[in-house]
Amino acid sequence: MPRPTQKILLAYYRAMHNRWGNQHWWPAQSRTEIMVGAILTQNTSWRNVEKALANLKSANLLPPNRQPHAESNSIRTLHALGVARLATLIRPAGTYRIKARRLWNLLDWFVTHYDASFARTRRTPTPNLRAALLALHGIGPETADALLLYAFHRPAFVIDTYTLRIFHRHHLLPPAAAYNDAQALAQRLLPADIPLWNDYHAQLVQVGKTFCRTHPHCAGCPLQKFLPQTPS
DNA sequence: GACCAGGCACATC
DNA sequence: GATGTGCATGGT
């Protein structure tokens, strides 16, 4: 197995970026909307997440912008709604009873420990923030890292099923490697550049959505030229 | 109908 | 530690 290098991973990024341009993730008007979306998108198509977010926007429950005061107000209002009311609003996203509980857990933690203020999270080191998120019921590694990167603007490389599949198929990782291995690889090799990590993950999702959904469908993929001789 | 989607927790072995 | 299953809507 050729040992992956920073040069190789940056070449992957250039190929994807050349193809699609910057993805401008996370698509949302506010950091609050990112937090909500991160829960809603768990094992769910983004299309269905958008329906649920539209419900919340229609009810004026998401901030119109990223002004801290607007963010905090929305966080507190969503929190005050309670699980049952949240559940009816987010229903189109699927697994809505579970997600309402998970979202409320996250909101409750944010209100309790940071007074619903993103600014107040600044003094918490990233590893501590990650551990706190992982301790919440319903937040696993991918959701925690997506929140860290896209909502809290911390250096966390997000791994998802597409990323794992691509890394495995390209033999960048041994077959048994899992989430933490993939993240360690990316974080060790890539420069600690939050905008790069932001768009890198978005590009990998774009590759996955476009080319990985049906199993051997690599024709036209911007990463195809990097595939090893004997694809798995 | 089956299968999947920008996961996670839990049961069981 | 590894594997299997429920959650649930909406698109293909």
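This note goes through the surface beside DNA strand C and then the largest cavity of a predicted model.

1. Residues are numbered from 1 along each chain as its sequence is written, and chains are lettered from A and ligands numbered from 1 in the order in which they are written. In this predicted model local features need pLDDT of at least 70, side-chain atom pairs count only at pLDDT 80 or more, and totals for chains, interfaces and linings use all residues, while side-chain values use heavy atoms, with hydrogens and water left out.

2. Around DNA strand C (a residue is near it if one of its heavy atoms lies within 4 Å) stand Asn43, Arg47, Asn48, Lys51, Arg91, Pro92, Gly94, Thr95, Tyr96, Arg97 and Ile98. Of the strand's atoms within 4 Å of the protein, 75% belong to sugar or phosphate and the rest to bases.

3. Among the polar contacts (pairs of N or O atoms within 3.5 Å), a polar side-chain atom of asparagine 48 lies 3.0 Å from a sugar or linking oxygen of DNA strand C. Phosphate oxygens of DNA strand C lie 3.4 Å from a side-chain N or O atom of lysine 51 and 3.0 Å from a polar backbone atom of arginine 97. The elements giving two or more residues to this surface are α3 (46-58) and α6 (96-114), helices being DSSP runs of H or I with at least four residues.

4. The largest cavity (a set of points on a 1 Å grid over the protein atoms alone where a 1.4 Å probe fits but cannot get out) is lined by residues including Arg165, His170, Phe211 and Leu227, where lining residues have an atom within 4 Å of a point. α9 (161-169) and α11 (194-212) each supply at least two residues of that lining.

Notes
Polar contact = N/O pair within 3.5 Å; in protein donor to acceptor, adjacent residues only side chain to side chain. 1 Å grid on protein atoms, 1.4 Å probe; cavity = no way out; pocket = protein on both sides within 12 Å on 5 of 7 lines; lining within 4 Å.
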